[in-house]
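Here is the note on the structure you asked about. Please keep the model open while reading the points.

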Amino acid sequence: MLNVDLHCHSNVSDGVLSPAAVAQYAYKAGVDVWGLTDHDEIGGIPAARAAAADIGMGFIPGVEISITWASQTVHIVGLRIDETNPVLLQGLAATRSGRDARGREMAAQLAAAGIPGAYEGALRYVGNPDLMSRTHFARYLIETGACSTIPEVFRKYLTEGKPGYVPHRWASLEQAVGWIKSAGGIAVIAHPGRYKFSPVAEGALFDEFKQLGGTAIEVVTGSHTPDQYPVYAELARRYGFLASRGTDFHAPGESRAEFSLLPPLPSNVTPVWHDWF
Ligand code: AMP
Ligand code: MN
Ligand code: MN
Ligand code: MN
């Protein structure tokens, strides 16, 4: 069976390895077909594609778009996108804008909470100045000793009600799905088990996504717990979604699954890649 991994990050967003280094890392861990899905940014795709071709690994160009739905941040993955499509490029540029100002506000809150220098500190971890993310602040909070792991950071800081949380209005669901479709891609709800929706709200998200032309949901992802795999497999079947799979890799040993440890999709779902190769 092919090891298909359709969700991971490079240092073009909040991962730590360059696109070419992620390609090497994934290939060595046994990945056959690899998708790069940086947050709100496609700048890593040409280097990723070239590296995958050099190694002889399949490559799927992707992106993970931040949206706001029912007052929560949700992530929509676009797969098999044309990364040169102007509608997509313009939408992503608009989505990225505002991240720097948000970072400065986050730093001001952290300073008030007794952690100075967070803007400059986070910036040292940023590979792409357009894409300052909470993950970069998390790495700085570990560096200062305020926390020792990434999950601890997100329990104590940077999330709603905690120091360093700055609410942000991202794209709409309709925009994100529209941009992905304009670029010839397939829209996928990323790690649906991570959101704090009631079952009714989650059903409404799935219904709206389907109506807008969304195709798949992630079932097996490093951002789900193993007990969520069968739950989201069942929901994919009930709503008629294809199923996607990916580690959500950010950095070796950093809180998300390693490429070699992610299980295959359950056999009762149709993989999003069923008619690709
Ligand atoms: P941002 O797009 O700046 O809001 O940052 C979101 C990123 O923070 C996500 O893509 C994850 O990489 C990371 N993140 C958010 N919540 C958590 C969490 N609970 N545990 C680990 N990483 C998280
Ligand atoms: Mn991330
Ligand atoms: Mn995500
Ligand atoms: Mn991700």
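The points below take up the metal sites, then the cores, and then some helices and a loop residue.

1. Status of the model. This is a predicted model. The values in the points below should be read with that in mind.

2. Manganese ion (ligand 4). Its protein donors are H7 and H9, each through NE2, together with E64 through OE and D248 through OD. These donors lie 2.0 to 2.2 Å from the ion. Along the chain they follow the spacing H-x1-H-x54-E-x183-D. E64 belongs to strand 3, while D248 sits in the segment after strand 7 (242-246), so this pair ties together parts that are 184 residues apart in sequence.

3. Burial of two of those donors. Are E64 and D248 buried or exposed? A residue counts as buried when its relative accessible area is under 20%. E64 has a relative accessible area of 1%, so it is buried. D248 is also at 1% relative accessibility and therefore counts as buried.

4. Manganese ion (ligand 2). The coordinating atoms here come from D14 (OD), H39 (NE2) and H250 (NE2), at 2.1 to 2.2 Å. The donors are spaced D-x24-H-x210-H along the chain. D14 is in the loop between strand 1 (4-5) and helix 1 (19-28), and H250 is in the segment after strand 7, so the pair ties together parts that are 236 residues apart in sequence. D14 is buried, with a relative accessible area of 3%. H250 counts as buried at 7% relative accessibility.

5. Manganese ion (ligand 3). E64 (OE), H75 (ND1) and H191 (NE2) coordinate this ion at 2.1 to 2.2 Å. Their spacing in sequence is E-x10-H-x115-H. E64 lies in strand 3 and H75 in strand 4 (residues 72-79), so this pair ties together parts that are eleven residues apart in sequence. H75 is buried, with a relative accessible area of 12%. E64 deserves a second look, as it is listed as a donor of the manganese ion (ligand 4) and as a donor of the manganese ion (ligand 3).

6. Distances between the ions. How far apart are the manganese ion (ligand 4) and the manganese ion (ligand 2)? They are separated by 4.5 Å. Between the manganese ion (ligand 2) and the manganese ion (ligand 3) the distance is 5.6 Å.

7. The largest nonpolar core. This core has 68 residues. The members that touch the most other members are W34, I65, I67, I76, V219 and V272. Strand 3 (residues 58-69) gives the most to this core, with six residues. The strand also holds E64, a donor already met in points 2 and 5.

8. V272 and a separate core. Which residues does V272 contact, leaving aside neighbours within four places in sequence? The contacts of V272 are L6, L79, I186, A216, L242, A243 and S244. Another core, of 19 residues, lies apart from the largest one, and I115, A122, F137 and L141 are among its members.

9. Helix 6. Seven of the ten residues of helix 6 (residues 134-143) are buried, so the helix is largely enclosed by the rest of the structure. The buried residues are T135, H136, F137, A138, R139, Y140 and L141. Their cover includes helix 4 (99-112), helix 5 (118-123) and helix 7 (150-156). Two of these buried residues, F137 and L141, also belong to the core of 19 residues.

10. V126. This residue is in the loop between helix 5 and helix 6. V126 is buried, with a relative accessible area of 16%. Not counting residues up to four places away in sequence, V126 touches L131, M132 and H136. The C-alpha atoms of V126 and D14 are 7.4 Å apart, although the two residues are 112 residues apart along the chain. D14 is one of the donors of the manganese ion (ligand 2).

11. Helices 9 and 10. The axes of helix 9 (residues 199-211) and helix 10 (residues 228-239) come within 11 Å and cross at roughly 45°. That angle makes helix 9 oblique to helix 10. The crossing is right-handed. On the side of helix 9, the residues that meet helix 10 are E202, G203, F206, D207 and K210. Their partners in helix 10 are Y232, L235 and Y239.

Key: Residues numbered from 1 in each chain as written. Chains lettered and ligands numbered in written order. Predicted model: local features only at pLDDT ≥ 70, side-chain atom pairs only at ≥ 80, totals over all residues. Heavy atoms only, no water. Core = buried A, V, L, I, M, F, W, Y, C linked by side-chain atoms within 4.5 Å. Buried < 20%, exposed > 50% of the residue type's maximum accessible area, 1.4 Å probe, protein only. Helix = DSSP H or I, 4+ residues; strand = E, 2+ residues; numbered from the N terminus. Contact = heavy atoms within 4.5 Å. Donors = N, O, S within 2.8 Å, 3.2 Å for Na, K, Ca; no water. Axes fitted to C-alpha atoms, helices over the stretch in contact; angles between N-to-C directions. Parallel < 35°, antiparallel > 145°, perpendicular 65-115°, else oblique. Left-handed = near helix turned anticlockwise from the far one by under 90°.
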